[in-house]
Structures are given as structure tokens and as C-alpha cells.
Amino acid sequence: MQATALIEINKLDLFYGAFQALKQVSLEIPQRAITAFIGPSGCGKSTLLRTLNRMNDMIPGARVEGSIEIGGTDIYGGDVHVETLRKKVGMVFQQPNPFPKSIYDNVAYGPRLHGITKRRELDEIVENSLRSAALWNEVKDHLKRSALSLSGGQQQRLCIARALAVGPDVLLMDEATSALDPISTIKIEELAQELKDRYTIVMVTHNMHQAARVSHQTVFFLNGEVVEYSATEKLFSDPSDQRTEDYISGRFG
Amino acid sequence: MLEMNAQSRVIAPAELGNSLRQAGGDPLDRRSRLKFFNSTFKIVCVSAAVFVCLVLFGILILMFRTGVMTFETVSFKEFFFSTNWDPENGHFGALLFIFGTFALTALTLVLAVPIAVLIAVFLAEITPVWLRGTLRPIMDLLVGIPSVVYGYLGLTILIPMLRELTGRDLADGLLAAAIVLAIMVLPTIARISDDAISAVPKKYRDASYALGSTRFQTIFRVVLPAARSGIVYAVILGMARAIGETMAVVMVIGNTPQLADSLFTPTAVLTSNIVMQITSVEFDSTWNYALYLMGFLLLAISLLLIVAVRLLQKKGAKAS
Amino acid sequence: MLLRKGLPNLSWDFLTGLPSEIEEGGGIGPALFNSFYILFLSLAISIPLGMAAGIYLAEFAPDNRFIAFIRICVEGLSSVPSIIFGLFGISLFVDIFHLDLTILGGAVSLAFLNLPMLTRVTEESLRSVPTELKNASFALGSTHLQTIRTVLIPVALNGIITGICLTAGRAFGESAVIILTAGVTTSGELWDFNLLSPGETLAVHLWYVQSEAIVPDAGDIAQKATAVLIMIVLAINLVFRVPLWMKARRMKG
């Protein structure tokens, strides 16, 4: 593990009403690296991802015990400002979900929320974000066009640009490539590789090869528990738990 | 406050970070302002919702309070079971209006429902797509045409026609009103039934066709029963509209306080009587109270219909 | 069906000389003015209230008894026959506030009539906005109010405007309420903004001319008034929707 831990999750339990979706999850997520969450569907990997920017707050009946510390601050503590947390911990969703606005307005949406109104600053942020998301060259001549006119892969990169535009430090990707074709998927993976030098990336994926290709650290979930987490190479070549081995060799899931 | 900024910003994109920080101004101030707006807005919304409830209860209480004063001078029995409406001489028998309202509504539905359902079937099952695309907006527009206009058309076209057909001098009455109302509620019932029929899953139809039934059989044995609760819902809404409709009825029913013994006797219903007489009575008179009581009756009937609709929807939700 | 569609067309042709009619004795100028004035006032009251209530039901409402109760109230109110609103208006304004039949009373009563429709339309339109868009906005660190204002309402606007048009069309043609609360006379001036003048509207005028008036050319006036009434109701429905159609098309293209 080359970097210091940015996020520390300590004995986290999460309940949806009576159902316990996460059990005693403890792990560390290193800074400026890619961490992948893998496991069969329903194992809690997306749920955990959503606790990192408190998107679970909006689900009625969801309740959290234990702690998640980002840079030493418990994000479920009473003094935390949720909006700022979400600004600092950006998220990209499974389905590309651009707003039905122009490409420019999509990227400028976040900065505007946070009080930036000057045209020049916005222009700059939009350009930088689109460049970071490797979309600038494709769309720079028609920023006024509807975001819905882009292809699926472009839409997803637009969503990444939108997330980057508010200046996050952490980027959460919730199966961000599962709705895309193989070529777009590779583009997003390459993008993640570039972004990891500047951002801490946590990605949920149902695709083990993707985790093996792009991540530094991999966490394997089963039934709401962390079975194993270690450097990606080690987890895939020399898993220490039998269940991990069964899963990555394709015996279930 | 998050403390992570300092340590994680080591190689964050410099321009981006700077521009954000500058424009943020005093972040605490902005945040508390946003929070304040957010909670104020929520309070505004809650009060608006509560206000809607208050209006309903205001109406209920006011109508009831004023209406009940009728019974200070008129007996319960007379109001509900007498057909002698002669306010100048102190007779307040409202039965004829109540009867008129129910008779009119029943007659309207008898006329409107079969045709409306046929139109809905036609729209949802048989019409080619392009025609459907034009017919549906037309139906929607018909729903929006003011009721006075329907009344006016009834008065100037329907009544002379009826007069000619029956050879009477006066054609105002239940039948004329029912026809006008039927035409009015037709689009409402047809559109909602149309939606209900369109919502029947295609697999039912496929299954029926796969068993070798004809289109006719499929529609009447499979599709309509499946859409039944939606159609009943449409009929009840149409009914509520027919009961509460005032102006279209006023113009064609004749407005004579006598019991309708035939389809062509000029008569009156609750709504038409209220609107014809309310402006000419003293506020503190039994006459006025009686009119309010009639209004309360109308209100009660329409609220009961809504409760019926809700029960029906609940049942439908359980079944599916 | 054909008959009813044919008639407005027939009187359209018949109507070519309308504008010169307005200033004459048998004109409909004041009634027409009152129609718009009352419509405007009632919408000015009911749109903010109805939308706020609708937003509450769609966005803030937890799933409990209180909400179920409010929902029943909205539905109940929407089923109340219009004449009841008229009676309510009389007792409120004439009996309790000791005003005569006035424009103000008519507008407020009409606003109450519109209220439940607007509430429901707003609620339904907001509910039809995909959750993904809402999540995207929250994930960028927006507050609830910001999300409602910048994402939900713009996306739901089409439905809301359509609903407002339908409501406005209905309110424009509504007569039972107006007869009872605003009366069947006008103040006789064309531009009378006084809230306490009697305010007969076009729809009421149509009824009045046809059933109560003794003018020799009553039939003529009624026919023209009908045509004007229908045209305006159609126009309300069309004019407001055309820009939306165009916008929707641009956003898809």
C-alpha cells in the first residue's frame, strides 16, 4: 500500500428497516489510488459506496452504526455539512443520467449550485472538467447542444465531467460502465487511470476483469460482509479466503 | 467542517481549486443561508398543503352550519320527504330536487357509459395510430370546453330538435338535460377508460389470440374485464361531474319546482335550484338555509363518491 | 360529435365582424375584460399555493397518516361541485366580510376551485421525474430546495404548464362560481381594475344573455360570445404549449 489511508471505515453496520445490508465492515481506502469493490449482486458493495457520500440518507428507514472517517472526520458526525461532503465526494451512477439541459449547463450545474456565477470562471471550469473527462475534443464545438443527443459512453463521460466540476477529492463510480458498450467501457477505464493521479477513486464493479485491470486495491464482499481486501494483484493471484477463490474462479456469482 | 481539504489537496488541479475557493466567499455564511432557505421553503410547502385541507373543512363546516339552521323551522321529514317547494309560503320540501338530481344522473349515465366505453375501446384497440394521435387531443380539448357552452348548444340546437321530434311546445326537462350532460361527460369517461384499456398488459391479449379467439372475443372477454376497475373509476368521476354540474343543466331543464313525472316535464335539480334562487334571497332566511342544506347534500354525495373511488383503487391495487 | 365540432367552426365564419362589436351597446368588452382579470387574479392566488402543496406532497411528505389525510383532502376538494365553491364564496365574502358580489370574491372562490387541480398536477409531474436525475443533483452537493428549483421543476415543467392550461381553461369557462360570487352585472366600464366592482365574466354573460336578458339580438350576442369563449379556451390550451413543444424537440435533437 503506497499511500496513506484517506477513508477509514470502522465496524460499519447498515440497516434498511429490519434488514441488515452491511455487517461490521471495516476497511481503509488509500488516497490517490483506485479501490474496487467486487462481489455478487446484493452483497452490499453499492450500499457501502452510497454511505461514503451519504446518499443512503434519502432512503427511508436506512440506519447506520459504526463510523466512516474521511481525513479524520466522522462523516456521520453531527457537525458535518452533508452538501459539502457530497461536493467533496463526487459520484457517477450506473446509468448515465445527464440532466435534460445543454452539455454546458450540465457541467456548470454543480459550480452554479455552489455559488459560482461569473461567466468566465464557469467557462474555465466547464472546459477543464470536460478535458479531464476526455470529452472536450468531441463536444467543444457544440456545448449548447442537448446532453441527451450524446451517445451513452459520451453521456457517462459527461457525468464524470459534471462530478469533477465541483472539485471533489474522492470519486465514487457505481458500476459506471455496466450500461456501456466495450469500447466506451475501455475509454472510461483509461480515464479512471488518468484521474487516479489527482483523485481518490472508489469503484463498484460486477466485472472482475475490470477490477483486475484498473484497481490497486480490491475488496471482496459477500452477504454484506467484507470477506477479504488486499492489493489487487495479491487478491486475484493468491486469495487467502476460500470463498474469494471460489468467486474469482467463477464457481458462483 | 471537513478537515480533509488540507491534506488531500496536495496535487489537486490548481486552477479548479482556486476558482472554487475564491467564488465560495465565506462558505459558512452561504451554507447557513442555503439551509435557512431550504427549511423556510419546506415550511411554506407544508402550510400550503394544510391550507388546502383547511379550505375543504371550511367549506364543510360553513355549509353544514348554515344548512342545519333549516331545521329550526322546517322539520327533517318535510325537507327530505315532501315535494312541495314553495318558499314564499313556507314549504321547503326538497325531495323533488333530490329525486331530480338522482334521476338526471342515472339517465345521463345510461346514455353516456355505453357510448363512452365503445369510444374508448375504439380508441385503444381498433384505431390506427395516426388517428389515435389526433383523436385523443380532441377528446382532451372537449373536456376543457366550458359547461355554459354545452348548455347553450343544448338550448339552441337540442331543444328545438326535441320539440320537432316530439311535437311538444316545451322540450325542456330531464331528457334534454341528460343528453347535454351525457355529451359533456362522454369525453371524460372515454379518455379515462381509454387509458385503463391501454394499460392492460399486452400478454393477456397475446394469450387470448394464441388460443384462437377473435378480436371481438378478446376485447369483450379479456380486455374489458381486465380494465374493469379503471372503467368503473371513469364512470364514478363522470357521475361526480354530472351531479355537480350546474350551468349546462340550468339552461335546459326548465327550472320549475315540480316532480318530474315524464322525460319532458320541466323540473329542477339541486344545483340548478341553488343557482337560480340564491341570489334573490335574504341571507338570514330559512329559504337561504334550505339552499345551503341542499348544497351540503351535494357536497356529501360527491365526497362519498370519492371515498368509493378510493376504496376501489385500493381493491385494484391489492388485486394486481 | 361531428355536430359539436362543426358548430364552433360555423360561428367562426360568422364572427368576422367581431372587433367592431365590442364597443357597441350589445358588446362583450367589460365581460371579456373581467374574465381575464378574474382568471389572472385567481391563478395568481392558486398557482403558488397549489404548486407549494404539490411540491410538499411529492417531495417532503413522509409516508404517514398525516399525508394520507392531506391527500384525501385534496382529492375530496377536487370533487366538490363548483356551485359549492360559489356558496362558500357568498357566505365568506357577503356574510362574513360584508362585501357585495365582487371581482375579489369571484377570484378567490375560483382560486379555491383551482387549488386541488393544481396541487395534483404538480405532484404528479414531479413524481414522474426520474429518480436518477434527483440523485445526480444530490450527489453534486445540492440542497433539497436547489434540486427542486433547478432540476425537478424544469424537468416537470411541461406537465405542470399543461395542467395550468387545463385549469385556466376550465376557470375561464367557469360560470356557476362567478354568478354566485361576482354577480351578473359589470360596472359598465371597460377597464375597471377595482377589486370591489361586480365582475360578470364572458361565460356568465353568455348564460345571462341567453336565459335572462330581454335584448332583441340576444341570440346573436350569445352565438358570438360562445365562439369567442371557445376560441379563447382553445387558445389558452394551445398558446402556452407551443413553446414547450419546441423546447422538447430541441432537447431531444
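Over which residues of chain B does pLDDT stay under 50? I began with this because the model is a predicted one, and I found that the stretch is residues 1-26 of chain B, for which the model nevertheless has 45 contacts beyond four places in sequence.

**Entry 1, chain B as a whole.** I looked up the confidence of the chain and noted a mean pLDDT of 75, with 84% of the residues of chain B reaching 70 or more. For the secondary structure I wrote down 14 helices and 2 strands. Of the 320 residues in chain B, 50% are buried, and when I took the contacts in chain B between residues at least 6 apart in sequence, 69% of them turned out to join residues at least 24 apart.

**Entry 2, H91(B).** I then turned to one of the strands, β2 of chain B (residues 91-92), in which H91(B) lies. H91(B) counts as partly exposed, because its relative accessibility is 32%, a value in between the 20% under which a residue is buried and the 50% over which a residue is exposed. Setting aside the neighbours within four places in sequence, I listed the contacts of H91(B) as E78(B), N84(B), W85(B) and D86(B). For E78(B), which is 13 residues from H91(B) along the chain, I also looked up the separation of the two C-alpha atoms, and it is 8.2 Å.

**Entry 3, chain A against chain C.** I found that 26 residues from chain A and 19 residues from chain C make up the contact, and that the two chains bury about 1,800 Å² between them, with 67% of this on carbon and sulfur atoms. Across this interface the rule finds 0 salt bridges, whereas it finds 6 residue pairs in polar contact, both residues being at pLDDT 80 or more. On the side of chain A that touches chain C, the elements giving two or more residues are α2 (82-88), β6 (89-92), α3 (103-113) and α6 (152-164) of chain A. I sorted the residues of that side into 13 nonpolar, 7 polar and 6 charged.

**Entry 4, positive phi in chain A.** I noted two residues here, neither of them a glycine: Q24(A), with phi near 50 degrees, and N223(A), with a positive phi of about 50 degrees. Q24(A) lies in strand β2 (residues 19-30) of chain A, while N223(A) is found in the loop between β9 (217-222) and β10 (225-231) of chain A. I recorded Q24(A) as partly exposed because its relative accessibility is 46%, and N223(A) as exposed because its relative accessibility is 53%.

Key
Residues numbered from 1 in each chain as written. Chains lettered and ligands numbered in written order. Predicted model: local features only at pLDDT ≥ 70, side-chain atom pairs only at ≥ 80, totals over all residues. Heavy atoms only, no water. Contact = heavy atoms within 4.5 Å. Buried area = accessible area lost by both parts, 1.4 Å probe. Salt bridge = Lys/Arg side-chain N within 4 Å of Asp/Glu carboxyl O. Polar contact = N/O pair within 3.5 Å; in protein donor to acceptor, adjacent residues only side chain to side chain. Helix = DSSP H or I, 4+ residues; strand = E, 2+ residues; numbered from the N terminus. Nonpolar A, V, L, I, M, F, W, Y, C, P; charged D, E, K, R; others polar. pLDDT = per-residue confidence, 0-100. Buried < 20%, exposed > 50% of the residue type's maximum accessible area, 1.4 Å probe, protein only.
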